[in-house]
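Subject: Structure handover

Hello,

Here is the structure you asked me to pass on. Please open it and keep it beside this message while you read.

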Amino acid sequence: MKTENGSGPSAQLARVRQSLENVKVLFDAAVMAIARQCSEHARLKNTLLDAYQASSYELAWACAEWQAAYHLCHGPDSGQALDQGLNLTYAMDAAQSILTRLERVYADVGMDPEPIAILAYSQAFQSLRRELCAAHQKAKLGAMAIDHPEKIGRVELHPDVAMIQDAFQRFAQDVVRPQATQIHRKDLTVPDDILSGMCSMGAFGLSIPENHGGSADGSPNDLPAMLAVTETLSDASLGAAGSLLTRPEILARALLEGGTQAQKDHWLPRMASGEVLCAIAITEPDHGSDVARLTLKAHRTPQGWLLNGAKTWCTFAGKAHLIMVVARTESQPGYQGLSLFLVDKPSFDGHEFMHRQPSGGHLSGRAIPTIGYRGMHSFDLHFEDYLVPDSQLIGAEKGRGRGFYYTMAGMTGGRMQTAARAAGVMHAALTEAIAYVKDRTLFGTPLASHQLTQVKICDMAALYAAARKLAYAVSHQLSTGGNPMQASLVKLLACRAAEHVTRDAQQLHGGLGYAEETAVSRHFVDARVLSIFEGAEETLALKVISRSLYESALSAADATHQPTTA
């Protein structure tokens, strides 16, 4: 295929890479401008940052889009025309999106927008946009995707990971998928045959080390294996299968980070086998993602700790035998006063429970009615003088005041898993949309042959492929000591992509897509929760991603001004 400024995909790839580098220069300038305006003595000031929340949000998104485009343009070359086309199309759409975001940031900061306009309207940039993002080109890629959906977003997995994924694909297809619609429509609890099947396959031990009864061997394949299983189960049902692994992932990592040896020896093997099912209780009714302001109290007595207060959005709390609870044990404000407790309780089916202890304390829970994400149920919890033994304070005495840090140790894996959940939901929606447009006739013509349909499928496929490939690329980086902030980037991108993909998949179904009996309607409402939990996108953008960008910019600037010694 001839192009205006070079021939063939390799020439286009080189030009796209250069465009991304040019965009990165403008992005870095914006990051540095805000970092300097919001810092004193090379330290960020929250009061100053608050004036740039909107710009920080845009920069976090720009960073996520740029990282995805970068990995697509520097990752392994499959040699497949569809794969190459989707990679380059996404990259140039991302470049345009980033420039639009930067226009808003430059205006907010008071920077000269001329460099953005020069790049955006340059002949080289516009030429690439015409070649890669014009409707006829996207329609061509969309038609290829409709003909070969199995080639969309392919990632080369290690043979061991691929073998694990194959096993769970069979389980998802045979056990989970046939029940998914009824679980959603009737708001049922996850059936025992799904739980027992996952127990027998060792699903709950994927993130737990082998010496504690799990299957994680400490190799770089541990996290990719978790992603592969999670996305496969989420493809069949997010609420009844794909999300079951997140809670043991978070709790296991918190225990490994701060638990005593006795706590690890007692709980981890039981979690790995599925004997003990887990839930995580962090969020409170009045504080949402503001962990520093959590108020649920833990008061020490001779018999142990008494918990009093409320938690909300505690998923799987009814069925769980063990809940990881963040509680305030110390008088210090903020993060320093928080500790982690292992709260055990009987397992309950249904939407409401009450457990009374012989000591008189009780824990009650009621499921929150939700538009989607059904099966596990998310609960409001109320603790009243609920007694927890000293032995179930994570880390024992050394763990007092360390609860926030132990929790964050688990959130990196949880956010990566959420990106995999998003990938699974996207794949399901995209697959169903392609099958539907191939069968549906509109105005005497197959829906799949309409240009607009093909363009929509192209954009959906490109979003899915970009998010999935970034997730696996970052999983390998994290396995070898990469920056945990990358997990927040992946979650940010993948979860919003899932909203777009499932929305367009539903739209392509027309009126049928609005019917509860159609799986695509379930994917649409399920996808909406992904940007909210495991760190709302606003919190990740403002408190994690943009802050990390500013700190890195200040650190780099400081390093360049350090005097050198002979």
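Below are some notes on one helix, a pocket, several salt bridges and one loop residue. Please keep in mind that this is a predicted model.

Helix H7

Helix H7 covers residues 135–147. Its 13 residues should span 18 Å at 1.5 Å a residue, and the end C-alpha atoms are 18 Å apart, so the two values agree. The buried residues of H7 are Gln137, Lys138, Ala139, Leu141, Gly142, Ala145 and Ile146. Among the elements that cover them are helix H4 (81–109), helix H6 (123–133), H14 and helix H15 (451–479).

Salt bridges

Side chains of opposite charge can pair when their charged atoms come close. The whole structure holds 26 salt bridges.

One of them starts from H7: lysine 138 meets aspartate 93 at 2.7 Å, N to O. Lysine 138 is in helix H7 and aspartate 93 in helix H4, so this pair ties together parts that are 45 residues apart in sequence. With 8% relative accessibility, lysine 138 counts as buried, while aspartate 93, at 24%, counts as partly exposed.

A second pair is arginine 421 with glutamate 534, at 3.5 Å, N to O. This pair links distant parts of the chain, 113 residues apart: arginine 421 sits in helix H14, and glutamate 534 in the loop between helix H17 (519–530) and helix H18 (537–560). Both residues are buried.

In a third pair, glutamate 499 and arginine 528 have their closest N and O atoms 3.3 Å apart. Glutamate 499 belongs to helix H16 and arginine 528 to helix H17, with their positions 29 residues apart along the chain. Are these two buried or partly exposed? Glutamate 499 is buried, with a relative accessible area of 17%, and arginine 528 is partly exposed, with 40%.

There is also a network of salt bridges that links Arg300, Glu330, Asp390, Glu397 and Arg400.

The second largest pocket

This pocket has a volume of about 1100 Å³. Its lining has 38 residues, and Gly153, Arg154, Val155, Glu156 and Arg468 lie nearest the centre. The lining divides into 12 nonpolar, 14 polar and 12 charged residues. Elements that each supply at least two lining residues include H4, H14 and H15.

A loop residue

Lysine 398 lies in the loop between strand S12 (378–388) and helix H14 (403–439). At 76% relative accessibility, lysine 398 counts as exposed. Its C-alpha atom is 47 Å from that of leucine 20, a residue 378 positions away along the chain.

Regards

Definitions and conventions: Residues numbered from 1 in each chain as written. Predicted model: local features only at pLDDT ≥ 70, side-chain atom pairs only at ≥ 80, totals over all residues. Heavy atoms only, no water. Helix = DSSP H or I, 4+ residues; strand = E, 2+ residues; numbered from the N terminus. Buried < 20%, exposed > 50% of the residue type's maximum accessible area, 1.4 Å probe, protein only. Expected span 1.5 Å × (residues − 1). Contact = heavy atoms within 4.5 Å. 1 Å grid on protein atoms, 1.4 Å probe; cavity = no way out; pocket = protein on both sides within 12 Å on 5 of 7 lines; lining within 4 Å. Points joined across faces, edges and corners; volume = space filled by probe spheres on them. Nonpolar A, V, L, I, M, F, W, Y, C, P; charged D, E, K, R; others polar. Salt bridge = Lys/Arg side-chain N within 4 Å of Asp/Glu carboxyl O.
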